[in-house]
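Colleague: I am new to this structure and should be grateful for a close look at the spaces in the protein and at what surrounds them. Please take the enclosed space as the starting point and then proceed outward.

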Amino acid sequence: MIVYENVTKRYGDVTVVDNLDLTIEEGEFVVFIGPSGCGKTTSLKMINRLIEMNEGSIYIEGNNVKDVDAVELRRKIGYVIQQIGLFPNMTIEENISIVPKLRKWSQEKCTKRVKELLEMVGMPYEENAKKYPNELSGGQQQRVGVLRALAAEPPIILMDEPFGALDPVTRDNLQDELKSLQKKLKKTIVFVTHDMDEAVKMADKIVFMYNGKVLQIASPEEMLRNPADSVIENFLGRLSYSFSGEDLTCQDVMRTKVLKVPETKKTLESLTLMKNRQLNSVVVIDENDKFKGIVGIKKIREEGYAGQEIGSIADETVPTVSINTSAKESFDLLTEHNRDFIVVLNRNKTVAGIVTESSIANALASVYWGEAK
Ligand SMILES: Nc1ncnc2c1ncn2[C@@H]1O[C@H](COP(=O)(O)OP(=O)(O)O)[C@@H](O)[C@H]1O
Ligand SMILES: [Mg+2]
């Protein structure tokens with residue numbers, strides 16, 4: 001857990017971070033956002049003491065960062081910036097191993113870790129480890145930058161506009177990768193951006209800053225629905241917007257990549273599929289591809305047995321919506337039934353997709369700001 005307590009930073013008599021209070025939970029993905037110069041980078045760098053605050057305190061796991069040796073502190077906190085910062089005369093392997101080496105890991109352990117990390121982002125060790133940074137694409141270099149920050153397994157990673165210099169497609173891919181890595185590794189990530197699409201996509205919690213002050217701290221969904229200040233509304237590229245939903249249907253806001261398994265598939269096999277994709281539940285379909293029900297990991301744990309067909313434990317009573325249902329209605333269903341997702345059906349009852357809070361938020365983001373940029 002990271003706690004900012006009344007943190008203030010001044011340059012001369014200009015206050016650039018003004019009395020910041022914020023708690024970042026373990027494993028949380030927190031995004032600082034706001035217009036250029038609002039104090040995002042300064043707030044981030046005070047965590048690893050690249051910038052020292054004038055007043056207030058920051059605690060990491062209850063320890064005041066002022067009481068920890070700054071160099072030691074930085075080795076324990078991953079740090080990724082836009083300008084990549086890979087060392088050009090070191091190989092990819094050497095770049096990733098910098099902090100592990102400083103921490104006196106054995107050569108064997110370092111190599112193992114580098115292999116594991118490169119594997120995680122689909123860059124096989126044999127092909128990439130001995131290359132130099134200039135032999136990689138921009139996207140690959142930035143990937144290595146992220147891996148380097150992860151290398152010594154720090155519980156906290158700070159990222160300052162890490163994908164800002166990348167083309168949109170590469171950025172999108174790296175965002176997906178980072179998000180899934182974070183889910184898997186349960187790291188606490190503090191991430192700076194001035195791009196609202198990015199914030200909505202990545203954040204558990206968004207901290208909106210303006211002139212050194214926090215205007216709002218909220219989940220992406222909450223900030224989209226209820227921006228706390230006209231500055232935020234303007235930043236979102238609109239003057240007033242209420243979640244009408246009349247203009248958006250489930251088809252607009254659903255995610256179409258869904259793990260569907262036939263009802264005859266064995267429970268054990270389905271479980272493996274779920275594990276590989278890090279999903280808590282699957283959508284079960286019948287022989288005509290029509291929706292049958294959903295099965296969660298919990299149910300499998302409670303009722304599953306060897307040789308069983310997954311269809312036999314599918315919950316067929318879950319709420320579903322059609323592609324023409326309004327987005328608002330699906331959002332209300334999510335909240336009302338306290339579900340992670342709602343299944344969207346085509347007219348012939350085949351599965352069109354699922355809606356989740358974040359799929360709705362993402363769709364809203366592109367509808368409302370997509371063209372503004
Ligand atoms: N070393 C410095 N001396 C004086 N002013 C600075 C210094 N570093 C940053 N600032 C000012 O502090 C404010 C916040 O900067 P920063 O945290 O980098 O903003 P952001 O990352 O949100 O764009 C800006 O107005 C910037 O000009
Ligand atoms: Mg900055």
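Modeller: Ala, Val, Leu, Ile, Met, Phe, Trp, Tyr, Cys and Pro count here as nonpolar, Asp, Glu, Lys and Arg as charged, and the others, Gly among them, as polar. By that division, the lining of the largest cavity consists of seven nonpolar residues, no polar ones and two charged ones. It should be said at once that this is a predicted model.

The structure holds two cavities of 30 Å³ or more, and the volume of the largest is about 50 Å³. Its lining is formed by Val121, Arg143, Val146, Leu147, Phe163, Leu174, Glu177, Leu178 and Leu181. Two helices each supply at least two of these residues, namely helix 7 (138-150) and helix 8 (168-185). Helix 8 makes the greatest contribution to the lining of the largest cavity, with four residues.

Helix 8 also leads to the largest pocket, where it again gives the most to the lining, in this case ten residues. The largest pocket has a volume of about 2,200 Å³. It is lined by 48 residues, and those closest to its centre are Asp176, Lys179, Lys183, Arg255 and Ser358. Two or more lining residues come from each of helix 8, helix 9 (196-202), helix 10 (220-225), helix 13 (267-277), strand 12 (281-285) and helix 16 (357-369). Where does the largest pocket lie with respect to domain 1 (2-235) and domain 2 (250-364)? Both domains give residues to its lining, and the largest pocket therefore lies between them. By class, the lining of the largest pocket comprises 15 nonpolar, 13 polar and 20 charged residues.

Helix 7, already met at the largest cavity, leads in turn to the second largest pocket. Together with helix 2 (70-75), strand 6 (77-81) and helix 4 (98-102), helix 7 is among the elements that give two or more residues to the lining of that pocket. The second largest pocket has a volume of about 430 Å³. Of its 17 lining residues, Arg74, Arg75, Ile77, Tyr79 and Val99 lie nearest its centre. The lining of the second largest pocket divides into eleven nonpolar, three polar and three charged residues.

There remains the site of ligand 1. The residues around ligand 1 are Tyr11, Val16, Ser36, Gly37, Cys38, Gly39, Lys40, Thr41 and Thr42. Helix 1 (residues 40-45) provides the largest share of this shell, three residues. In terms of class, the shell around ligand 1 has three nonpolar residues, five polar ones and one charged one.

Particular atoms can be named as well. A polar backbone atom of Gly37 is 2.7 Å from an oxygen atom of ligand 1. A backbone N or O atom of Cys38 lies 3.2 Å from an oxygen atom of the ligand. From Thr41 it is the side chain that takes part, with an N or O atom 2.8 Å from an oxygen atom of ligand 1. On its own, ligand 1 has 570 Å² of accessible area, of which the protein covers 55%.

Conventions
Residues are numbered from 1 along each chain as its sequence is written. Chains are lettered from A and ligands numbered from 1 in the order in which they are written. This is a predicted model: local features need pLDDT of at least 70, side-chain atom pairs count only at pLDDT 80 or more; totals for chains, interfaces and linings use all residues. Side-chain values use heavy atoms; hydrogens and water are left out. A residue is near a molecule or strand if one of its heavy atoms lies within 4 Å of it. A polar contact is a pair of N or O atoms within 3.5 Å; within protein, one must be able to donate a hydrogen and the other to accept it, and residues adjacent in sequence count only if both atoms are side-chain atoms. Accessible areas come from the Shrake-Rupley method with a 1.4 Å probe; for residues, only the protein chains shown count as cover. On a 1 Å grid over the protein atoms alone, a cavity is a set of points where a 1.4 Å probe fits but cannot get out, and a pocket is an open set with protein on both sides within 12 Å along at least five of seven lines; lining residues have an atom within 4 Å of a point. Grid points are joined across faces, edges and corners, and a volume is the space filled by probe spheres set on the points. Domain bounds come from an automatic or database domain assignment.
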